[in-house]
Each structure stands twice: as structure tokens, then as C-alpha cells.
Amino acid sequence: MRFITKNIAKLDSLIRNSKKISIVTHYNPDGDAIGSGAAMYHYVKSLDKQATFIIPNPFPKNIEFAVEDVEYLIAERTFKQAKQTVLDSDLLLVVDMNNNTRSGDGLERVLNESSAKKVLIDHHVKPDKYDLSFSYPKSSSSSEVVYNILSRLTKQKVLSKEISTALYLGIITDTGSIAYSSDDPDVYSVLHYVLKSGIIASKLHQKIFDTYSFDRLKLLGYAISHKMKVFLKQRAAFIYLSKKELNRFHYKIGDLEGVVNYCLKLGEVDFCAMLTEREDKIRISFRSKDASINVDKFARKYWNGGGHVMASGGKSYESLDKVVKTLTQQIYNQDFISK
Ligand code: 5GP
Ligand code: MN
């Protein structure tokens with residue numbers, strides 16, 4: 001990963017000259033959001049800074065181990081306190097998101113209002129402008145970017161165990177256990193040093209991936225056997241689930257993590273989506289098997305979202321039925337193929 005040496009020096013002095021630091025990440029945080037944020041938190045704490053990790057809303061239980069010794073606030077639960085903490089901070093580290101909107105309505109306004117210096121550490125395409133930016137869209141994960149930053153700041157290749165635990169979580173979840181971004185040798189080099197810290201990767205992997213509830217596993221089976229539409233001619237598929245169906249399986253945050261990827265297991269499918277009915281909107285995930293199908297572009301153009309070339313998300317405020325119809329039409333029109 002190429003770094004502008006001056007930017008590392010700038011970050012170093014921004015951190016050293018700050019008293020209170022907040023780390024902020026995106027709404028519906030995943031392993032990379034939690035991992036990259038927790039790693040930055042541990043680093044600034046090691047310099048005796050006051051630090052808080054501001055997490056917009058609750059996250060899955062299986063990734064909680066990464067924030068065991070992290071002081072964090074769930075903004076949706078304690079908004080006033082989160083807002084005050086951000087406004088009292090003299091430095092904001094914005095991780096795993098490319099613009100303030102991604103932290104959700106409430107926090108977005110607070111971030112915009114804050115007069116603190118803001119540093120972006122991210123791997124999503126088309127980032128907004130920040131005071132200092134470490135944006136690496138070709139990188140596997142924000143956690144990989146964080147490793148590269150911290151190894152330069154500390155001048156150490158092997159980082160602490162708690163930082164390495166958090167980075168392992170981020171890299172391994174955002175790459176689907178090194179299935180995506182797996183052509184990039186740098187990912188393996190970073191993992192080499194992450195493991196050298198002494199963490200037990202096999203145990204962490206089990207904690208992350210092999211702790212399903214029976215309900216979660218049944219929901220996965222149901223989604224695949226009853227709620228997957230496949231369009232062989234267009235080489236596309238999608239899964240759609242209503243709120244009622246989620247309730248039937250006692251849905252908990254994180255239970256649908258990774259389900260969209262099952263569509264791509266079909267040899268005949270190159271593009272897929274998953275639609276889930278949430279409280280006030282339909283959440284959509286898009287995935288593709290090849291960079292020639294750009295789902296970031298597709299999500300931006302039609303679904304009020306974005307992300308990466310081969311993994312993106314979006315939303316709609318229409319009914320689930322309507323979204324199913326619209327997406328079906330888009331598949332028939334092959335709108336997902338960049339023209
Ligand atoms: P997921 O489908 O796992 O929720 O999201 C896939 C990727 O797209 C993630 O990297 C996520 O950060 C990004 N993403 C998801 N939803 C949105 C969105 O509404 N806007 C943007 N810009 N990116 C999104
Ligand atoms: Mn990420």
C-alpha cells in the first residue's frame with residue numbers, strides 16, 4: 001500500500017495534539033467497521049488519549065469480542081451523550097465509510113456540525129473530502145488500511161494482540177474469509193503479521209462464523225429454498241424477505257449477514273441481490289462475481305446507495321412487492337450490466 005509519508009506525519013501530529021478523540025463508523029456496522037474502529041481506539045488509548053468509539057446502532061453479538069475493552073456508545077440508544085462526546089472531541093477518526101451520511105441521519109448532522117479535524121480511513125469508492133484522507137478503494141478492508149497506518153505510526157510490523165484481534169475480524173469478514181480480494185498478495189502479508197501477534201486465528205474464526213442460533217440457520221435454509229428467484233437467462237438471482245418472515249425466525253441483528261452471497265454460489269449466476277423489509281424501508285444488498293458487473297454504479301444509479309464494484313447496498317421506501325417488481329424488470333432489462 002502506497003502512503004504519502006507526509007500524511008502519516010500529519011496524522012501522527014493530529015493525534016498527539018488532541019486530547020479527546022472520537023472514532024465514528026457507519027450505520028449497521030459490520031466486522032470491518034467494528035474491527036477498524038476498535039484498532040484505532042486501542043492505538044490512541046495507548047498514547048493516553050481520551051477516546052470513545054461512537055457506533056451508530058447495535059451490531060451482531062458474534063463480533064462483540066473485538067470491543068471487549070473499548071469504551072463505546074451506541075448512538076441510537078444514548079444519542080445525547082454520543083452527540084456531546086463528538087462535539088467535545090478535537091479529532092474525529094471516520095472509519096469504514098466514505099461520507100457522513102453513512103453514519104445515519106442523527107449522527108450525520110452531528111458530524112457536520114463538529115468543528116473538530118476529521119480524518120477518513122476507508123476503502124469505499126468515491127469518498128467525500130476530509131481534512132486528511134486515507135482512502136484505498138482497492139484495499140480488501142478498512143482494517144487492512146488501518147494495519148498499514150498503525151505499522152507506520154508505531155514503526156512495528158507486529159502490533160499488539162488486542163489491535164491484531166480487531167484487525168483480524170475486519171479483514172476476515174470483509175473478504176469472506178479471503179474469498180474476495182484474494183488475488184491481492186498484500187492481504188496475506190498483513191495477515192501474516194496480524195497472526196505473529198499471537199492471536200489464535202482458528203478460535204476467532206469460530207467465534208465469528210460458527211455461532212449461529214438454530215433460528216438463524218433455519219432462516220438461511222428458508223431464504224434459499226423458498227425465497228430465491230433465479231433468472232437463468234440473465235445470469236441473475238435475488239432473495240427477498242418480509243418483516244413477517246424475519247419475525248417468524250426471531251430475527252436478530254446479524255442473522256442475514258452473508259446470506260446474499262449464497263446466490264453467487266450458483267454456477268449460472270453472476271449478479272445477485274437480497275431485499276429485506278426493515279422498519280421504515282427496504283434494505284438491498286448487491287453482489288457480483290466479476291468487476292465487469294459494477295454493482296456500486298447500479299446501486300448509485302437506481303437504489304440510492306453505493307459501496308464497492310462487486311459488493312454494494314442501497315434502499316427504497318416503496319413496498320417490498322413494488323421493489324421486487326422493479327428489480328425483476330431491471331434484471332429482464334439487464335440494467336445491472338454497465339452500458
Ligand atoms: P452490505 O450489502 O453488506 O450491507 O453492503 C455491501 C457494501 O456496500 C458495504 O461495503 C457497505 O459499506 C456498502 N453499502 C451498503 N449500503 C450502502 C449505501 O446505502 N450507500 C453506500 N455508499 N454504500 C453502501
Ligand atoms: Mn469495509
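Strand β8 is a good place to start in this predicted model: 5 of its 6 residues are buried, so by the cut-off of under 20% relative accessible area the strand is mostly covered. Its residues run from 236 to 241. Two neighbouring strands and two helices help to show where β8 sits.

On one side, β8 pairs with β7 in the antiparallel sense, over 4 bridges. Within that pairing, K229 has F238 of β8 as its bridge partner. The two strands make a hairpin with 4 residues between them, and R235 in this hairpin takes a positive phi near 55 degrees. β8 is also joined to β9, this time by 6 bridges and in the parallel sense. Here Y240 stands opposite L275 of β9.

Now for the helices. Helix α9, made of residues 214-226, lies across β7 and β8 and runs at about 130 degrees to β8. Helix α12, residues 320-332, lies across β7, β8, β9, β10 and β12, with a direction at about 180 degrees to β8.

Step back and you can place these strands in an open sheet of 6, ordered β7-β8-β9-β10-β12-β11, with mixed pairing. The edge strands are β7 (228-231) and β11 (306-307), each of which pairs on one side only. As background, strands of a sheet pair through backbone hydrogen bonds, either parallel or antiparallel.

Follow the sheet toward β11 and you come to β10, which pairs with β12 in the antiparallel sense over 6 bridges. In this pair, I284 stands opposite G314 of β12. Next, β12 (residues 311-316) is joined to β11 by 2 bridges, and these two strands run antiparallel. They form a hairpin with 3 residues between them, and G306 stands opposite G313 of β12.

This part of the sheet leads us to the ligand. Which residues are around ligand 1? They are R102, H124, R283, S285, R287, G305, G306, G307, H308, A311, S312 and G313. G306, which we just met opposite G313, places a backbone N or O atom 2.9 Å from a nitrogen atom of ligand 1. The side chain of R287 has an N or O atom 2.9 Å from an oxygen atom of ligand 1. H308 also takes part, with a polar side-chain atom 2.9 Å from an oxygen atom of the ligand. Taken alone, ligand 1 exposes 500 Å², and the protein buries 84% of that. The elements giving two or more residues to the shell around ligand 1 are β10, β11 and β12.

Let's turn to the other sheet. It is an open one too, with 6 strands in the order β3-β2-β1-β4-β5-β6 and parallel pairing. β3 (72-74) and β6 (132-135) stand at its edges; each has a single partner strand, so one side of each is left without a neighbour in the sheet. From one strand to the next, the twist averages 20 degrees. At the β6 end, strand β5 (residues 117-122) is joined to β6 by 4 bridges, and the two run parallel. I121 stands opposite F134 of β6.

Two helices that pack on this sheet are worth a look. Helix α2, residues 31-46, touches β1 (20-24), β2 (50-55), β4 (91-95) and β5, and its direction makes about 170 degrees with that of β2. Helix α5 touches β5 and β6, with its direction at about 115 degrees to that of β5.

Finally, let's zoom in on two serines of α5. S143 has its place in this helix, which spans residues 142-154. Why does S143 count as buried? Its relative accessible area is 0%, and buried means under 20%, so S143 falls below the cut-off. Leaving aside neighbours within four places in sequence, S143 is in contact with D32, G35, S36, A166, L167, G170 and I171. S142 is also in α5, and because its relative accessibility is 0%, S142 counts as buried. Not counting residues up to four places away in sequence, S142 touches D32, S36, D96, I121, D122 and H123. I121 in that list is the residue that stands opposite F134 in β6, which brings us back to the sheet on which α5 packs.

Note on methods: Residues are numbered from 1 along each chain as its sequence is written. Chains are lettered from A and ligands numbered from 1 in the order in which they are written. This is a predicted model: local features need pLDDT of at least 70, side-chain atom pairs count only at pLDDT 80 or more; totals for chains, interfaces and linings use all residues. Side-chain values use heavy atoms; hydrogens and water are left out. Two strands pair if DSSP finds at least two bridges between them. Contact means heavy atoms within 4.5 Å. Axes are lines fitted to C-alpha atoms, for helices over the stretch in contact, and angles run from 0 to 180 degrees between N-to-C directions. Buried means under 20% relative accessible area, exposed over 50%, partly exposed in between (1.4 Å probe, protein chains only). A residue is near a molecule or strand if one of its heavy atoms lies within 4 Å of it. A polar contact is a pair of N or O atoms within 3.5 Å; within protein, one must be able to donate a hydrogen and the other to accept it, and residues adjacent in sequence count only if both atoms are side-chain atoms. Accessible areas come from the Shrake-Rupley method with a 1.4 Å probe; for residues, only the protein chains shown count as cover.
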